[in-house]
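Reader: I have a model open and would enjoy talking through how its parts fit together. Shall we take a look?

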Amino acid sequence: MTEPSPATKKTDSMSATWSATSISDAQAAVARVYGLDGAVKRLSSERDETFLFTRADGTDFVLKIANPAEDPTALEFQDGALLHLAAAAPAVPVPRLVPTKGGDPSHALSTADGPRIMRVLTFLRGELQYRTPASEAQSRNVGRALAELGLGLENYNGRPPGGKLMWDISHTLDLAAVIDHVAPERRSQVEAVLSEFERSLPATRALRRWQIIHNDFNPHNILLDPAAPTDVVGIIDFGDMVHAPLINDLAVAVSYHLATDNWAARTRAFLEGFLSARTLEPGEIELLPLLARSRLAMSIIIAEWRSARFPENRDYIMRNYVTAWRGLQNISDLTPAGLKTLVPNLSEA
């Protein structure tokens, strides 16, 4: 369900293979391109090579070497967002690009597999949210962090490369083509969400606020202060950014608060945090419950479809399936009026 741009149609970057960069070669590349001496340690990564680079003075950085199938325009788009945030919203805690010796944000590294984009970014020290104890205070601060990030990106005029992103809520209906992979006992509920989404298209197209959004604001991409795990100290992974309705960003983030016993309290806190920095418009409020359901339905459809295509990776692909299904059950009948009852100041902000 991803339609890659012409530059990337030959090979899917999620399934491309390449020759691993040795530690010594990575270390030499950083010295040659960035003029930095230090030690390199390999980190786990799904679609590129990621390393921890520790400069000789003990300062840590992240070294990324993209796989050769990665679309360079996609990386330029991500770099542009980070550079824009550094200038327009320096208080938003995102990684900063370290310039090469020539002042460039990245470098095309020549390898046996072809050119590979190399980047060095500042290292954000913190604990991933999913590894910390959840609380309403944490949800409130995470909600405010999303609003502040969105404000920082509001005037970023970069555009994503051509093609559709599979995880873009705007293209939910594309998944109807693979909905047969969903188990029969769950398919009717997922189909109902897609039908509801289709009926809402005129209202979605009428939304006033469209901009570049993070589109993947989840507990694996949010860093918290280990000493105060309610405080956001980092936001990472800008690889799913799209130009879409602002409310889609909120729907993605809210969807990760819906699978717990106290989902209502955590969702309320999250939205209150968001509203403390940015208001919502009436049309956005009306669509938020549906868009959150749509994101959860997407998670279910994509997981079952991809696990059928790649059974050897089923455990990884299905890792969030149970929580997505539970979240969908929790808000299956949530209406805009019910959302306003849940968050009384939603329509007053």
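Reader: Which residue in β9 stands opposite Leu224?

Author: Happy to start there, keeping in mind that this is a predicted model. Strand β8 (residues 222-225) runs antiparallel to β9 (residues 228-235), with four bridges between them, and a hairpin of two residues joins β8 to β9. Across from Leu224, the residue in β9 is Val232.

Reader: And on β6, which residue has Leu224 as its bridge partner in β8?

Author: Strand β6 (residues 127-128) is joined to β8 by two bridges, and these strands run antiparallel. The β6 residue whose bridge partner is Leu224 is Glu127.

Reader: Which residues have the most contacts inside the largest nonpolar core?

Author: That core has 73 residues. Its largest share, 14 residues, comes from helix α8 (residues 282-309). A second, separate core has 16 residues, among them Val30 and Phe51. Inside the largest core, the residues with the most contacts are Leu149, Phe217 and Leu250.

Reader: Which residues of α3 (residues 136-153) does Phe217 touch?

Author: Leaving aside residues up to four places away in sequence, Phe217 touches Ile222, Ile235, Val252, Ala253 and Tyr256, among others. Helix α3 spans residues 136-153, and its buried residues include Val142, Ala145, Leu146 and Leu149. Those four are also on the contact list of Phe217, so the α3 residues asked for are Val142, Ala145, Leu146 and Leu149.

Reader: How far does α3 reach from its first C-alpha to its last?

Author: Helix α3 has 18 residues, and at 1.5 Å a residue the expected span is 26 Å. The model comes close to that, with a reach of 26 Å.

Conventions
Residues numbered from 1 in each chain as written. Predicted model: local features only at pLDDT ≥ 70, side-chain atom pairs only at ≥ 80, totals over all residues. Heavy atoms only, no water. Pairing = 2+ DSSP bridges. Core = buried A, V, L, I, M, F, W, Y, C linked by side-chain atoms within 4.5 Å. Buried < 20%, exposed > 50% of the residue type's maximum accessible area, 1.4 Å probe, protein only. Contact = heavy atoms within 4.5 Å. Expected span 1.5 Å × (residues − 1).
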